[in-house]
Amino acid sequence: MSGNEHYPDDAGQSPHTALLGSEFVSFDEATQTVTMRFMVKREMTTWRGGVQGGLVAGYLDDVMGYAYVAATGGVMAPLNLEISMSLIRLIPEGPLIGKGRVVRAGQRVIFLEGELLAEDGTLHARATSTAIPTPRPTPEQTGMTR
């Protein structure tokens, strides 16, 4: 399955997608796991040489969210109630792999988890999220069209 059927039509133009350098790679329906690639820009890093902690949450939010979007065939999107993350090591500028998974999705609550890894599989950050299911909004519905 290619990633495009679950990714927004305007993904190349989406403000957060451009900021994060997001690319949807694949979705494994059996494990409810999405794989994404990110290109970490220098502007996302601090003087320590790694992505600023709050911005790490953005990458994790993106990959966990798209796991649920893909699992619902692009119909639904999670609205986070809580995200808990562990910053294991600095994430440098350059390529980054994200893995997001739907742990459980009910009618009222969704449990998600995500990881950010170097291309060699080294774990950089991990998160869990509790969210509520919502219909996936369109740019027209939210007034975000250009």
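Student: What makes the six strands one open sheet, and in which order do they stand?

Tutor: Two strands pair if DSSP finds at least two bridges between them. By that rule the six strands form an open sheet in the order β1-β2-β4-β5-β6-β3, with antiparallel pairing. Strands here are DSSP runs of E, at least two residues long, and helices are runs of H or I of at least four residues, both numbered from the N terminus.

Student: Why are β1 and β3 called edges?

Tutor: β1 (22–28) and β3 (76–87) each have a single partner strand, so one side of each lacks a neighbour in the sheet. From one strand to the next, the twist averages 25°, with axes fitted as lines to C-alpha atoms (for helices over the stretch in contact) and angles from 0 to 180 degrees between N-to-C directions.

Student: How do you know that β4 and β5 pair?

Tutor: Eight bridges join β4 (residues 94–105) to β5 (residues 110–117), and the rule asks for at least two; therefore they count as paired. The two strands run antiparallel, and Val 102 stands opposite Leu 112 in β5.

Student: Where does helix α2 lie?

Tutor: Helix α2 (residues 53–71) lies across β1, β2, β3, β4, β5 and β6 (123–135), at about 140° to β3. Along the sequence the chain reads α-β-β-α-β-β-β-β-α.

Student: Why is Thr 35 called buried?

Tutor: Its relative accessible area is 12%. Buried means under 20%, exposed over 50% and partly exposed in between, with a 1.4 Å probe and protein chains only, so Thr 35 is buried. Thr 35 sits in strand β2 (residues 33–40). Leaving out residues up to four places away in sequence, Thr 35 touches Phe 24, Val 25, Ser 26, Ile 97, Gly 98 and Lys 99, where contact means heavy atoms within 4.5 Å. Of the chain's 146 residues, 38% count as buried.

Student: What is the confidence of the model, and where is the pLDDT below 50?

Tutor: pLDDT is the predictor's confidence in each residue, from 0 to 100. The chain has a mean of 88, and 84% of its residues reach 70 or more. Over residues 1–13 the value is below 50, although this stretch has 26 contacts in the model beyond near neighbours in sequence. Where pLDDT is low, the predicted coordinates should not be read in detail.

Student: What are the ground rules for these values?

Tutor: The model is predicted: local features need pLDDT of at least 70 and side-chain atom pairs count only at 80 or more, while totals for chains, interfaces and linings use all residues. Residues are numbered from 1 along each chain as its sequence is written, and side-chain values use heavy atoms, with hydrogens and water left out.
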